[in-house]
Amino acid sequence: HQAGLLPLSSSELLEDFLGPSRMQLLLQYCGYVVIVCTFHLAEFFTTAVYNPLVLTANAYIVSHSLAYTAAAILAFIECAIRFL
């Protein structure tokens, strides 16, 4: 947008507030979260279709192992540190 004019969209306003490098990092992290959620949701629906007898709400919960939980937490911490 031109200097002195109001941003045309909320993404431009957000980019002006965060700066381009932080905006890119935020978009990358959002993309990561969308991909991880899509994978686990697809896994849940696949189980629902092909093995419904073992399907519970806990099948979607992604805290199935200490290693996975640690990796997810470390990914968030890394992103937060880079964001600062």
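This is a short selection-by-selection tour of the structure above.

**Ground rules**

The model is predicted: local features need pLDDT of at least 70, side-chain atom pairs count only at pLDDT 80 or more, and totals for chains, interfaces and linings use all residues. Residues are numbered from 1 along each chain as its sequence is written, and side-chain values use heavy atoms, with hydrogens and water left out.

**Stop 1: the whole chain**

Show the cartoon. The chain has 3 helices and 0 strands. Helices (H or I, at least four residues) and strands (E, at least two) are DSSP runs, numbered from the N terminus. The order from the N terminus is α-α-α.

Switch on the surface. About 6800 Å² is exposed, and carbon and sulfur atoms supply 71% of that area. Accessible areas come from the Shrake-Rupley method with a 1.4 Å probe; for residues, only the protein chains shown count as cover. Of the 84 residues, 8% count as buried. Buried means under 20% relative accessible area, exposed over 50%, and partly exposed in between (1.4 Å probe, protein chains only).

Now the contacts, meaning heavy atoms within 4.5 Å. Among those between residues at least 6 apart in sequence, 38% join residues at least 24 apart.

**Stop 2: Tyr29, Tyr32 and Phe76**

How many aromatic pairs does a search of the whole structure find? It finds 3. Rings of Phe, Tyr and Trp (its six-membered ring) pair if their centres lie within 6.5 Å; planes under 30 degrees apart count as stacked, over 60 as edge-to-face and the rest as tilted.

Select Tyr29 and Tyr32. Their ring centres are 5.8 Å apart and their planes lie at 40 degrees, so this pair is tilted. Both residues belong to helix α2 (residues 20–50), 3 residues apart, about one turn of the helix. Tyr29 is partly exposed at 22% relative accessibility. Tyr32 is also partly exposed, at 37%.

Add Phe76. Ring pairs link Tyr29, Tyr32 and Phe76 into a cluster. Phe76 sits in helix α3 and is partly exposed, with 48% relative accessibility. Measure in your viewer from Phe76 to Val33: the C-alpha atoms are 9.9 Å apart, while the residues are 43 apart in sequence.

**Stop 3: Phe44 and Phe45**

Is Phe44 buried or exposed? At 19% relative accessibility, Phe44 counts as buried. Phe45 is partly exposed at 46%. The ring centres of Phe44 and Phe45 are 5.9 Å apart with planes at 70 degrees, so the pair is edge-to-face.

**Stop 4: Ala42**

Select Ala42, in helix α2. Its relative accessibility of 39% makes Ala42 partly exposed. Add Tyr60. The two are 18 residues apart in sequence, and their C-alpha atoms are 9.6 Å apart.

**Stop 5: Arg22 over Phe83**

Select Arg22 and Phe83. The charged end of Arg22 sits over the ring of Phe83, 5.4 Å from the ring centre. The criterion: NZ of Lys or CZ of Arg is within 6 Å of the ring centre and within 35 degrees of the ring normal.

**Stop 6: the largest pocket**

The largest pocket has a volume of about 260 Å³. Of its 13 lining residues, select those closest to the centre: Tyr32, Val36, Val62, Tyr68 and Ala72. Helices α2 and α3 (66–83) are the elements that give two or more residues to the lining. The largest share, 6 residues, comes from α2.

On a 1 Å grid over the protein atoms alone, a pocket is an open set of points where a 1.4 Å probe fits, with protein on both sides within 12 Å along at least five of seven lines; lining residues have an atom within 4 Å of a point. Grid points are joined across faces, edges and corners, and a volume is the space filled by probe spheres set on the points.
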